Amino acid sequence: MKLVFAGTPEVAVPALDALLASGRHEVAAVVTRPDAPAGRGRRLVASPVAERAEEAGIEVLKPAKPKDPEFLERLRAIGPDCCPVVAYGALLPRVALDIPAHGWVNLHFSLLPAWRGAAPVQHAIMAGDEITGASTFLIEEGLDSGPVYGTVTEEIRATDTSGDLLTRLAFAGAGLLAATMDGIEDGTLKAVPQPADGISLAPKVNVEDAHLDWNAPALRVDRMVRGCTPAPGAWTTFRGERLKLIQVAPVPDRTDLAPGQIAAGKNTVHAGTGSYGVELLWVQAQGKKPMRAADWARGVRIGEGERLGD
């Protein structure tokens, strides 16, 4: 088939690479978000997908909005049979959805209908799910509600951050998306409607959502830290300033600390929660680089009874 691939961040690059390597389909163009300011100088930078497409000599389309007439005219001129999508980042209007004969097929990083929305991997970890995966589905105008072509499953490991898990899903999902394109082309794959039960939503996780509650159980604190790493970053306060928590570990036998209370040893830093303690492993103080929690604690000289949080 002739394909137009839509995607923006680094997590979409493995899928583009898989389609380019398949040898079975032609990736005629790539659709991505416009260049965005990045870094300290805030200079405009092309998306990872745009950079990869340019390396491969593929036409890159960067509409401000997918409903822009110039973009729609160019898409019709290319005449794609199907448009595979991975984390494109913009809503597609009906007029765009109707252009390719086989529609737009999205690779979504959950087992639909679970975790529909922008942050499925983060929410799966924060909810304590043991299994997740990726799904390919036909995009409709509803939120991740279209019929599903295929899935792959992935275990959520006890120490997985959302970054760890998303990286594995990006590569597993790349193979799934390529196989889905093959099945659509040869007619062996049909999309199946999602079940009406089991729907859960995964809205974007913002900075305020990542504010830790030390009255929550230790497992909840651990899942919040892992789910919010690398972004937006779980955080608390210490002496009135923000402290980002990058890695913690539950310590079930530490039950003597009140929620948020810190106990610093020679090489360990523990904090109390609503159940039992957690060990702080890596932290990042405001305006500082990430560091081992024990080094941070020595630097700030934690006093007896001091606490994290408001």
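These are my notebook entries on a predicted model of one protein.

**Entry 1. The whole chain**

I began with an inventory of the secondary structure, and the protein has eight helices and 15 strands. I then looked up the extent of the fold: along the principal axes, the C-alpha atoms fill a box of roughly 70 × 45 × 30 Å. Of the 310 residues in the protein, 47% are buried. I noted the accessible surface as about 14900 Å², with 51% of it belonging to carbon and sulfur atoms.

I next looked at how the contacts are spread along the sequence. Among contacts between residues at least 6 apart in sequence, 66% join residues at least 24 apart. For the charges, I recorded 32 positive and 38 negative ones, and their mean positions are 6 Å apart.

**Entry 2. Strand β1 and its neighbours**

I turned to strand β1, which covers residues 2-7. Five of its six residues are buried, and I therefore entered the strand as mostly covered. Which strands does β1 pair with? Five bridges join β1 to β2 (residues 26-31), and the two strands run parallel. One pair I located is K2 with its bridge partner E26 in β2. Two bridges join β1 to β6, again in a parallel arrangement. Here I found G7 paired with V86 of β6.

I also followed the path of the chain from β1 to β2. Helix α1 (residues 13-22) belongs to this stretch, and β1, α1 and β2 make a right-handed β-α-β unit.

**Entry 3. Strand β7**

I looked up strand β7, residues 104-108, and found five of its five residues buried. In a regular strand the side chains alternate between the two faces of the sheet. I checked the directions in β7: W104, N106 and H108 point one way, while V105 and L107 point the other way. The residues on both sides are buried.

How does β7 run relative to β6 and to β8, parallel or antiparallel? Strand β6 (residues 83-86) is joined to β7 by three bridges, and these strands run parallel. Strand β8 (residues 131-138) is joined to β7 by four bridges, and these run antiparallel. I noted that V105 takes part in both pairings: V105 is the bridge partner of P84, and the bridge partner of V105 in β8 is L138.

**Entry 4. Helix α7 and the loop to β10**

I asked why helix α7 (residues 218-227) counts as largely enclosed by the rest of the structure. Seven of its 10 residues are buried, so the helix is largely enclosed. I listed the buried residues as A218, V221, D222, M224, V225, R226 and G227. They pack against two helices, α5 (120-126) and α6 (162-186), and against strands β10 (234-238), β11 (241-251) and β14 (277-285).

I then examined the loop between α7 and β10, where P230 is found. The peptide bond from T229 to P230 is cis, with omega near 15 degrees. P232 lies in this loop between α7 and β10 as well. The peptide bond from A231 to P232 is also cis, and its omega is near 0 degrees.

**Entry 5. Positive phi values**

I looked for residues other than glycine with a positive phi, and one of them is A87, with phi of about 50 degrees. A87 is placed in the loop between β6 and α4 (94-97). Its relative accessibility is 35%, so A87 counts as partly exposed. R301 is another entry of this kind, with phi near 55 degrees. R301 lies in the segment after α8 (293-300). Its relative accessibility is 71%, and R301 therefore counts as exposed.

**Entry 6. W282**

I closed with W282, which lies in strand β14. Is W282 buried or partly exposed? I recorded W282 as partly exposed because its relative accessibility is 29%, and buried would require a value under 20%.

Which residues does W282 touch, leaving out those up to four places away in sequence? I listed K244, L245, I246 and Q247, together with P290, M291, R292 and A293. I also looked up the separation of W282 and A294: they are 12 residues apart in sequence, and their C-alpha atoms are 8.4 Å apart in space.

Note on methods
Residues are numbered from 1 along each chain as its sequence is written. This is a predicted model: local features need pLDDT of at least 70, side-chain atom pairs count only at pLDDT 80 or more; totals for chains, interfaces and linings use all residues. Side-chain values use heavy atoms; hydrogens and water are left out. Buried means under 20% relative accessible area, exposed over 50%, partly exposed in between (1.4 Å probe, protein chains only). Contact means heavy atoms within 4.5 Å. Accessible areas come from the Shrake-Rupley method with a 1.4 Å probe; for residues, only the protein chains shown count as cover. Lys and Arg count as positive and Asp and Glu as negative; His and the chain ends are not counted. The place of a charge is taken as NZ of Lys, CZ of Arg, CG of Asp or CD of Glu. Two strands pair if DSSP finds at least two bridges between them. A crossover is right-handed if, with the strands pointing away from the viewer, the path from the first strand over the helix to the second runs clockwise.
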